[in-house]
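Q: Could you take a close look at the salt bridges in this model for me? I'd like to know which parts of the chain they tie together, and how buried or exposed the partners are.

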Amino acid sequence: MRFEQLEQFVALGNLRHFRQAAEQTNISTSALTRSIQTLEDEIGCELVKRSTRSVKLTEQGELFLNYCKSTLSELDITRNTIKQSLFGRDQQRVVVGYTAQASSIVPTSCGQFLADFPNVKVEMQLLNEHDLLRKLQLGEIDISVYLESATSLVSDIHLPDQLVLFVAKQHPLATQDSIRRSELAQYPMYGCFSQSKQVQNMLNEAVEGLNKSTNVKIGNISQVIDGLKNSQSFAIASIEHSKVIAQDPELILLKTNKDASHEQIVVQTSHQLGSGSHVSNLLSLIEQTAQKNAVATAVNS
C-alpha cells in the first residue's frame, strides 16, 4: 500500500467518479481502477460498489476513506515538522522591512542573497521608521533597516571637498581618527596658494573659519611642505595637491567631517543569530553593501 494509492482513493471518495478522480490524480481511468482493486485485495474486502452511473463506497470503504484522509493529513504535518527541524521556521522565509533612505542597500543585498539561497523566499516591505519598529516588535518582519544621523562623529571641522588639512607624521594630531577645531588652536598654520580663484576664496574662508587669519603663513606647496616638516604647524591646501601630500612619507592627511560618513545604517533583528542561518547571512550582505556605499553600519539583535 503506497501513499499515492491513498491519495487516489480519497479523490475517488470525494468525487465519486472514476474519470474525474483519475484526472485529479494524473493517472488513467484504467490505472485508477487497478489501484482500487489492489487496495481491496490487500485489505480483503470490497471498498467500492460500481455502477454505470455512479460510484458508491461500502461501509468498509467509508471507514477506509476516513483512515486515508487522517493518514495523509498526518503525513503533511510530519513533512513540515521535518523541514522545520532541518532548516528552522524562519529560515525558509525572510521578511525585510526598510525605509526609502535604505533603498540603495536592501534590494541589492537581497538580490545577492537570493543568488546564494534561491530556495529561500525573501519579502521586502518599504515602510516608515515607526512601522518598522512596530512590525519588528510584533514579529511581522525579521529584519529592519533604516538610516540615521551618525552620533560617533567628533570632528566639528567642515571643509569643502576641494580642500584638505595635513601635518607632518610626527605631529601630535597625526594619529587621531578625527580632530576638533579647538585642537588646532594651539598650532601655527600654513596656507597654500591655489591657481584657481574659486578655490583660493575657499581657502581664505576656511582660514577665517579656523580663526587663523591673523597669523597664517602663506606659500606655494613646496614652501608649505618644508615649513611643516620643521615645525608642529598644520596646513591647508587645495585637493589638487593631495597626491603630492599622500606620496610624501613624512606627511599625513588629517580626517575631518568631510571624510567621515554623516549617516549610518541601523539594522535590527529579533532573531537569535547563529552561524550559518539565513538571517545571519542576509545581515552580513546588508553590512557589506553598506560598506561599499561608504555608509557606517550599526547591527542590533
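A: Here's a walk through the salt bridges, with a short stop at the nonpolar core at the end.

First, the small print. This is a predicted model, so local features need pLDDT of at least 70 and side-chain atom pairs count only at pLDDT 80 or more, while totals for chains, interfaces and linings use all residues. Residues are numbered from 1 along each chain as its sequence is written, and side-chain values use heavy atoms, with hydrogens and water left out.

Side chains of opposite charge can pair when their charged atoms come close. A salt bridge here is a side-chain nitrogen of Lys or Arg within 4 Å of a carboxyl oxygen of Asp or Glu, and the structure holds nine of them.

Take Arg50 and Glu40: their closest N and O atoms are 3.5 Å apart. Arg50 sits in strand E1 (residues 48-50) and Glu40 in helix H3 (residues 29-43), so this salt bridge ties together parts that are ten residues apart in sequence. (Helices, H or I with at least four residues, and strands, E with at least two, are DSSP runs numbered from the N terminus.) Glu40 counts as buried at 12% relative accessibility, whereas Arg50, at 38%, counts as partly exposed. For those words, buried means under 20% relative accessible area, exposed over 50%, and partly exposed in between, using a 1.4 Å probe and protein chains only.

Next up is Glu123 with Arg93, where the closest N and O atoms are 2.6 Å apart. That pair links distant parts of the chain, 30 residues apart: Glu123 is in strand E4 (residues 121-126) and Arg93 in strand E3 (residues 93-98). Glu123 is partly exposed at 24%, and Arg93 is partly exposed at 40%.

Then there's Lys229 with Glu250, at 3.9 Å between the closest N and O atoms. Lys229 belongs to helix H9 (residues 221-229) and Glu250 to the loop between helix H10 (242-247) and strand E10 (251-253), so the two tie together parts 21 residues apart in sequence. Salt bridges with shared partners also bring in Asp248, joining Lys229, Asp248 and Glu250 into one network. Lys229 is partly exposed at 25%, as is Glu250 at 43%.

Now for that core. A nonpolar core is a set of buried Ala, Val, Leu, Ile, Met, Phe, Trp, Tyr and Cys residues joined through side-chain atoms within 4.5 Å. The largest one has 21 residues, and Val96 and Ile286 are among those touching the most other members. Strand E3 and helix H11 (278-292) are among the elements that each supply at least two residues, with H11 giving the largest share, six.
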